[in-house]
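Here is a set of exercises to work through with the model open beside you. Try each task before reading its solution.

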Amino acid sequence: MTLNEILIVREKLLADLDAMTGAGELDAFKLAHLTRKGTIAAMFDNLRAVSKEEKPLAGKELNLLRQSVEERFAEKEQLLGARRQEGLSHIDLTMPARTVPVTAPGHEHPLMKTLNEMISIFERMGFAVEYGPETEDDEHNFGKLNFPPDHPARDMQDTFFVKPSADWGAAVGAHHAGEGTGASSSMLTAPLLLRTHTSPVQIRLMEKQKPPIRAIMPGRVYRNEAASARSSAAFFQIEGLVVDRGVTMADLKGVLLSFARHFFGSDAKIRLRPSFFPFTEPSAEMDVSCYICGGKGCRVCQNSGWLEIMGAGMVHPNVLSGCGIDPETHSGYAFGFGIDRTTMMRYGVSDIRDLYENDYRFLEQF
Ligand code: PHE
């Protein structure tokens, strides 16, 4: 092995490296030349055969060869993006992404399925659909619904209060203007709160529309409750309101029975129990015969044969007159119910939080 040979090998290896275009070639190069059994190591072994006089210079040239080839190799490796981190070598960043295993490109949430079905039943009975704001003022959520100030009735519902910021009025006013219930920022006087029920939309509707009124008002409501399998701080309700001349409790009962038969099945029965709400008089709680056991008694209805579904009653005269409707000439009924529990019973969901966490494994089952 002469000095010239060493120089020739060096030029050859550097030229080979320069010509490389793929990471695979680099691997082959490393194996052939840079390992303990490779070309360069073999040349070091051959130093033993070099004459005493030439040995120091040859050793120096060989070291130079190894150094320059290793340096050029490292440069090339970086250039080709082939530098692999130990333990991550199985990750190929150039591989196409795996597609999400959807069976359908998108579908309704179970809550919205239930809601839309209920809405269409009421629409077929001639009800219009109205919406109101989720951020309310005390007047609409309580005051005009005949909750006396500082009366314990307000404790029936644990309320989230909202602290208004300087630009709140404008922002909320603009939002409400788009709701179509005639709300304006001037109606929103402090304190503000997250509505605890959909009943304030009754007020907004009666303020903007003269009777006859026949509408349902679905939407999200909020209560300050600790989250558990049975309760969530946010849930959905549907409100119903009918105001006209000569509306009676019999009309209410007829509509509720008709709804129950459409939604729960044609042999569903209902019963009304006396109850109390500040905004209805008389007030009732409606139960439907358990559609799991047909009224015989089971785990779902806790052996009673009945499921508690909604609150209802005749609109309180104070509520009507507060909205400019004469209780001497007009009367009305109202009802309100949550759709979460119904959805849960229907689909066998045991934890209400499943309806709000948007876990893909849960949602894809519907
Ligand atoms: N707003 C009542 C509630 O949330 C339900 C209700 C609505 C009762 C309308 C009577 C009339 O519990």
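## Exercise 1: A small sheet

In strand 4, V162 has L192 as its bridge partner. Work outward from this pair and describe the sheet around it.

Solution. Before starting, note that this is a predicted model, in which local features need pLDDT of at least 70 and side-chain atom pairs count only at pLDDT 80 or more, while totals for chains, interfaces and linings use all residues. Residues are numbered from 1 along each chain as its sequence is written, and side-chain values use heavy atoms, with hydrogens and water left out.

Step 1. Strand 3 and strand 4 (residues 192-194) run antiparallel and are joined by 2 bridges. Strands here are DSSP runs of E with at least two residues, helices are runs of H or I with at least four, and both are numbered from the N terminus. Two strands pair if DSSP finds at least two bridges between them.

Step 2. The open sheet has 3 strands in the order 2-4-3, with antiparallel pairing. Strand 2 (135-137) and strand 3 (161-162) are at the edges with a single partner strand each, so one side of each has no neighbour in the sheet.

Step 3. Now look at E136, which lies in strand 2. E136 is buried, at a relative accessible area of 0%; buried means under 20% relative accessible area, exposed over 50%, and partly exposed in between (1.4 Å probe, protein chains only). The side chains of E136 and R204 are joined by a polar contact of 2.7 Å. A polar contact is a pair of N or O atoms within 3.5 Å; within protein, one must be able to donate a hydrogen and the other to accept it, and residues adjacent in sequence count only if both atoms are side-chain atoms.

## Exercise 2: Following strand 9 and strand 10

Which strands pair with strand 9? Trace the partners, then continue to strand 6.

Solution. Step 1. Strand 8 (residues 280-289) is antiparallel to strand 9, with 8 bridges between them. T280 is opposite V315 in strand 9.

Step 2. Strand 9 also pairs with strand 10 (residues 331-338), in the antiparallel sense over 5 bridges. M314 has Y333 as its bridge partner in strand 10, and G311 stands opposite G336 there.

Step 3. Strand 10 pairs in the antiparallel sense with strand 6 (residues 234-244) over 8 bridges. Here I238 has F337 as its bridge partner.

Step 4. Check the burial. In strand 9 (residues 306-315), 8 of the 10 residues are buried, so the strand is largely enclosed by the rest of the structure. Strand 10 is mostly covered, with 6 of its 8 residues buried.

Step 5. Finish at the loop between strand 7 (270-277) and strand 8, where P278 is found. P278 counts as buried, at 4% relative accessibility. Its C-alpha atom is separated by 9.5 Å from that of R154, although P278 and R154 are 124 residues apart along the chain.

## Exercise 3: Two helices

Compare the span of helix 4 and of helix 5 with the expected values, and list their buried residues.

Solution. Step 1. Helix 4 (residues 55-79) has 25 residues and spans 36 Å from first to last C-alpha, close to the expected 36 Å. The expected span is 1.5 Å times one less than the number of residues.

Step 2. Buried in helix 4 are A58, G59, L62, L65, S68, V69, F73, K76 and E77. They pack against helix 1 (3-19), helix 2 (23-34) and helix 3 (39-46), where contact means heavy atoms within 4.5 Å. After helix 4 comes G81, with a positive phi near 65°.

Step 3. Helix 5 (residues 110-124) has 15 residues and reaches 22 Å, close to the expected 21 Å. Its buried residues are P110, L111, T114, L115, M118, I119, I121 and F122. G126, just after helix 5, takes a positive phi of about 90°.

## Exercise 4: The ligand

How many residues surround the ligand, and which are the closest?

Solution. Step 1. There are 15 residues around the ligand, and the closest are H197, S199, R223, Q237 and E239. A residue counts as near if one of its heavy atoms lies within 4 Å.

Step 2. A ligand nitrogen atom is 3.0 Å from a side-chain N or O atom of H197. For S199, a side-chain N or O atom is likewise 3.0 Å from a nitrogen atom of the ligand. R223 has a polar side-chain atom 3.0 Å from an oxygen atom of the ligand.

Step 3. Taken alone, the ligand exposes 320 Å², and the protein buries 91% of that. Accessible areas come from the Shrake-Rupley method with a 1.4 Å probe; for residues, only the protein chains shown count as cover.
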